[in-house]
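Me: Please take a close look at the salt bridges in this structure. I would like a connected account of which residues pair up and how they sit in the fold.

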Amino acid sequence: MPVFDYKALTASGEQVTGIIDADSSADARSKLRKKGVFPTDVIESDEKVDLRSDQAITRLFHRIKQVDVTVFTRQMATLLGSGLQLVQGLNALIDQLEKSPLKRVIIGVRDDVNAGKSFGDALRKFPRVFTPLYTNMIEAGEAAGALDVVLERLADLTEKNLKMRNHIRSVMVYPALVAFIGIMVIVFLLVKVVPTITDIFAETKQVLPLPTVILLNVSDFLRGYWWVIIFIAAGLYFLFVAWKKGRKGRLMLDRMKLRLPLVGSLIRKIAVVRFSRTLATLLSSGAPLLGSMEIVKNIVNNTSIANSIEEAIEAIRGGHSVSGPFRKSRVFPPIVVHMISIGETSGALEPMLEKIAQSYDDEVETSVAAMTSLLEPIMIVIMGIVVGYIVLSILLPIFQMSDAIA
């Protein structure tokens, strides 16, 4: 069904814009009038045919946030749980998504479902919006006849993952802000304050102490060759990005991350949470174990851990237990492996994985708070040392001049 961009006026005279799906321009105007708005301009969208092309996807989908997909999932779960049919639920959400870029995607999904495709197949056409984890769980829910339950679990999973990510980001904002302000203050001192004061020393023609000479050289270099610093920094950044994109570089970097003090432990705990929670959700939705682990392997966000999961998958194909390969690889803490083993033995793997995720979710919050409380005084001390060095380097010649006068 074609999609139309429109401009319209409300009963109060306010101008509104949006998109609407209709068979024709006249049908679009009729639908808008039924909604209580009076169209002034209705134009058929150019993206109606190219909606699924790579170019259109790149242009459109970068504006769709994960939180939009999460809200859509929660609302679909509620509508289906209330007894609505799938197409009715999609239509209800399309009417609600007035200006959201997600509306075009849902219209495409709705049209495919109307054409006879399954919900999972319709979602697979939009891989930039709906991940393999999402579509696999939807297909498992459709096969089991429990689509509303699976959508509810998906909403819970995405909300918890978003909550953890947003918590980590919000906690790290303050240390990042302090570091940025500190660097700006130091650069200002070196570029503006130090040269002004050192002009006085140049007139006296006295021999300057070594700390002052070093400070003056740094200040002169920063003022005269700042473009070299920017060029080198940009070059190193692009080289790092290129190295990180390579398979060996990414693996080496991820292994280094896991060995870092404090940070390595936090990364491992976050991987445990993602692995346990996602695998538990997939298995509870009826997805097969090996297929679920293939999906989970791609969401731990660490190549070293992903390789260990891949080794576990191969071992499971050979008839081994889930816990056995993880015990050998030592990728996860021993307590996690032990709890997985107990879950396998008792036939309650999914609940045990949920307990692991909840336990380590709490540990992640504690670790982030502890790391942040430790970072703040460390940064303050470092900035204090640098600023103290600058002040001392300026004061030393003054003290020498005072001694000479005395």
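Reply: What follows goes through the salt bridges pair by pair and ends with a backbone feature in a loop.

The model is predicted, and it holds 15 salt bridges. Three of these pairs are described here in turn.

In one of them, the side chains of Glu-159 and Arg-74 meet, with an N to O distance of 2.7 Å. The two residues come from distant parts of the chain: Glu-159 belongs to helix α9 (residues 147-204) and Arg-74 to helix α4 (residues 66-81), with their positions 85 residues apart. Glu-159 has a relative accessibility of 33% and therefore counts as partly exposed, since that class lies between the limits of 20% and 50%.

Arg-277 and Asp-361 make another salt bridge, where the closest N and O atoms are 3.1 Å apart. Arg-277 lies in helix α13 (residues 263-284) and Asp-361 in helix α18 (residues 349-405), so this contact ties together parts that are 84 residues apart in sequence. Both ends of the pair fall under the 20% limit for buried residues. Arg-277 is at 2% relative accessibility, and Asp-361 is at 12%.

The pair of Lys-297 and Glu-294 is a local one within a helix. Their closest N and O atoms are 3.2 Å apart. Both residues are in helix α14 (residues 289-297), and because they are 3 residues apart there, about one helical turn separates them. Their exposure falls in two classes: Lys-297, at 18% relative accessibility, counts as buried, whereas Glu-294, at 25%, counts as partly exposed. The cut-off of 20% lies between these two values, which means that the class changes from one partner to the other. This pair also belongs to a wider arrangement, in which salt bridges with shared partners join Glu-294, Lys-297, Glu-310, Glu-314 and Arg-317 into one network.

The loop that follows α14 contains a further point of detail. Asn-301 is placed in this loop, between α14 and α15 (303-317). The residue has a positive phi of about 65°, although it is not a glycine. With a relative accessible area of 51%, Asn-301 counts as exposed, because the class begins over 50%.

To draw the pairs together, Glu-159 with Arg-74 links helices α9 and α4, Arg-277 with Asp-361 links α13 and α18, and Lys-297 with Glu-294 stays within α14.

Definitions and conventions. Residues numbered from 1 in each chain as written. Predicted model: local features only at pLDDT ≥ 70, side-chain atom pairs only at ≥ 80, totals over all residues. Heavy atoms only, no water. Salt bridge = Lys/Arg side-chain N within 4 Å of Asp/Glu carboxyl O. Helix = DSSP H or I, 4+ residues; strand = E, 2+ residues; numbered from the N terminus. Buried < 20%, exposed > 50% of the residue type's maximum accessible area, 1.4 Å probe, protein only.
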